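Here are some exercises to work through with the model open beside you. Try each task before you read its solution.

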Amino acid sequence: MVSRAWSRARENPTSSEILHENKMMQLYYATRDGQSRRIADHVSRRLGERGVEVTAKNLAVDLPSVETLTSTRLVALIASVRYGHHLKEAEQFLTRYQSLAAPPPLVLASVNLTARKQGKDTAEGNAYLRKWIARRQLTPVLATAIAGRLDYPLYGWLDRQMIRLIMKMTGGPTDPRTTVEYTAWDAVDRFAWAIADLALPSE
Ligand SMILES: Cc1cc2nc3c(=O)[nH]c(=O)nc-3n(C[C@H](O)[C@H](O)[C@H](O)COP(=O)(O)O)c2cc1C
């Protein structure tokens, strides 16, 4: 009986539950090929284990309102890079976030292939993330770069040729049949736990 009531509550959260979740934190991602979504979902699961219930939301379909952003205590953004730039919905999100009079603390993660290299997985070492933070004058409480996925068979002809060229220049695989997931899931775990520490009210 109790467990049925519990599962009903999970399926149909009450408005106060939703408010509670929104207040604690919000987690957003911007993706084209799905890797940032996988990373955001992984972070969401790890946060859930620490009692921080948050659903990862796709910015391409759910750009949050100013009211939503204002009412939360922490926001996290996980966004991928294509041809040197973070996806446009991530930029739109940051424009809205930066329009707030008192924005909540920001957690930032950049997903790209450069981050597969040692030392290029930090806010200082990863040029995309470093430049993004500088250009936008952001002050994230936590920022990291996460290695993404290389999936030549998934790409169209031109993208495949372009990425092969980049890989050739940076010592990566060029065989067009290659699929490699470079994402270091243990690093994603540590990222999630650090977010949990920020989201949970300190005792
Ligand atoms: C068309 C295209 C362009 C890319 N451009 C870059 C790039 O400029 N620098 C980089 O480090 N990775 C680049 N990548 C790698 C992606 O960032 C990586 O595949 C990432 O996992 C994609 O995340 P997503 O699936 O969430 O979109 C590119 C990938 C594609 C398909």
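**Exercise 1. A residue after a helix**

In which loop is the place of Gln-137?

Solution. Some ground rules come before the steps. Numbering starts from 1 along each chain as its sequence is written. The model is predicted, so local features need pLDDT of at least 70 and side-chain atom pairs count only at pLDDT 80 or more, while totals for chains, interfaces and linings use all residues.

- Step 1: Helices (H or I, at least four residues) and strands (E, at least two) are DSSP runs numbered from the N terminus. On that basis, Gln-137 sits in the loop between H6 and E6.
- Step 2: Check the backbone. Gln-137 isn't a glycine, yet its phi is positive, about 55 degrees.
- Step 3: Count neighbours. A residue is buried if 20 or more other C-beta atoms lie within 10 Å of its own, exposed if 12 or fewer, and partly exposed in between, with C-beta atoms placed from the backbone. Gln-137 has 7 other C-beta atoms within 10 Å, so it is exposed.

**Exercise 2. Another positive phi**

Work out where Tyr-83 is found and whether it is exposed or buried.

Solution.

- Step 1: Tyr-83 lies in the loop between E3 and E4.
- Step 2: Its phi is positive at about 45 degrees, although Tyr-83 is not a glycine.
- Step 3: Tyr-83 counts as exposed because it has 8 C-beta neighbours inside 10 Å.

**Exercise 3. Two strands and a helix**

Trace the chain from E5 to E6 and give the hand of the crossover.

Solution.

- Step 1: Strand E5 covers residues 106-112, and it pairs with E6 in the parallel sense over six bridges. Two strands pair if DSSP finds at least two bridges between them.
- Step 2: Pick out one bridge: Ala-109 has Thr-144 as its partner in E6.
- Step 3: The chain goes from E5 through helix H6 (residues 127-136) to E6, making a right-handed β-α-β crossover. Right-handed here means that, with the strands pointing away from the viewer, the path from the first strand over the helix to the second runs clockwise.
- Step 4: Look at the surroundings of E6 (residues 142-147). Five of its six residues are buried, so the strand is largely enclosed by the rest of the structure.

**Exercise 4. One face of H6**

Which residues of H6 are buried, and what covers them?

Solution.

- Step 1: The buried ones are Tyr-128, Leu-129 and Trp-132.
- Step 2: Looking down the axis of H6, they fall within an arc of 95 degrees, so they line one face of the helix. The arc is that of the directions from the helix axis to the C-beta atoms.
- Step 3: The spacing rule helps here. An α-helix has 3.6 residues a turn, so residues three or four places apart point the same way.
- Step 4: The cover over these buried residues includes E3, strand E4 (85-86), E5 and E6.

**Exercise 5. The nonpolar core**

Which element gives the largest share of the largest nonpolar core?

Solution.

- Step 1: A nonpolar core is a set of buried Ala, Val, Leu, Ile, Met, Phe, Trp, Tyr and Cys residues joined through C-beta atoms within 7 Å.
- Step 2: The largest such core has 42 residues, and Val-43, Ala-76, Leu-77 and Ile-78 touch the most other members.
- Step 3: Elements that each supply at least two residues include helix H3 (35-49), strand E3 (75-82) and helix H8 (185-199). The largest share, six residues, comes from E3.
- Step 4: Zoom in on Ile-78. Not counting residues up to four places away in sequence, it touches Tyr-29, Ser-36, Ile-39, Ala-40, Ala-109 and Val-111. Contact means that the C-beta atoms, placed from the backbone, lie within 7 Å.

**Exercise 6. Around the ligand**

Which residues come nearest to the ligand?

Solution.

- Step 1: A residue is near a molecule or strand if its C-beta atom, placed from the backbone, lies within 6 Å of it.
- Step 2: Of the 21 residues around the ligand, the nearest are Thr-31, Asp-33, Ser-36, Ser-80 and Gly-148.
- Step 3: H3, E3, E5, E7 and H7 are the elements that give two or more residues to this shell. E3 gives the largest share, three residues.

**Exercise 7. A buried loop residue**

Find Thr-183 and list what it is in contact with.

Solution.

- Step 1: Thr-183 belongs to the loop between strand E8 (179-181) and H8.
- Step 2: It has 20 other C-beta atoms within 10 Å, so it is buried.
- Step 3: Leaving aside neighbours within four places in sequence, Thr-183 is in contact with Gln-35, Ile-39, Ile-146, Ala-147, Gly-148, Arg-149 and Val-188.

Technical notes
Two residues are in contact if their C-beta atoms, placed from the backbone, lie within 7 Å.
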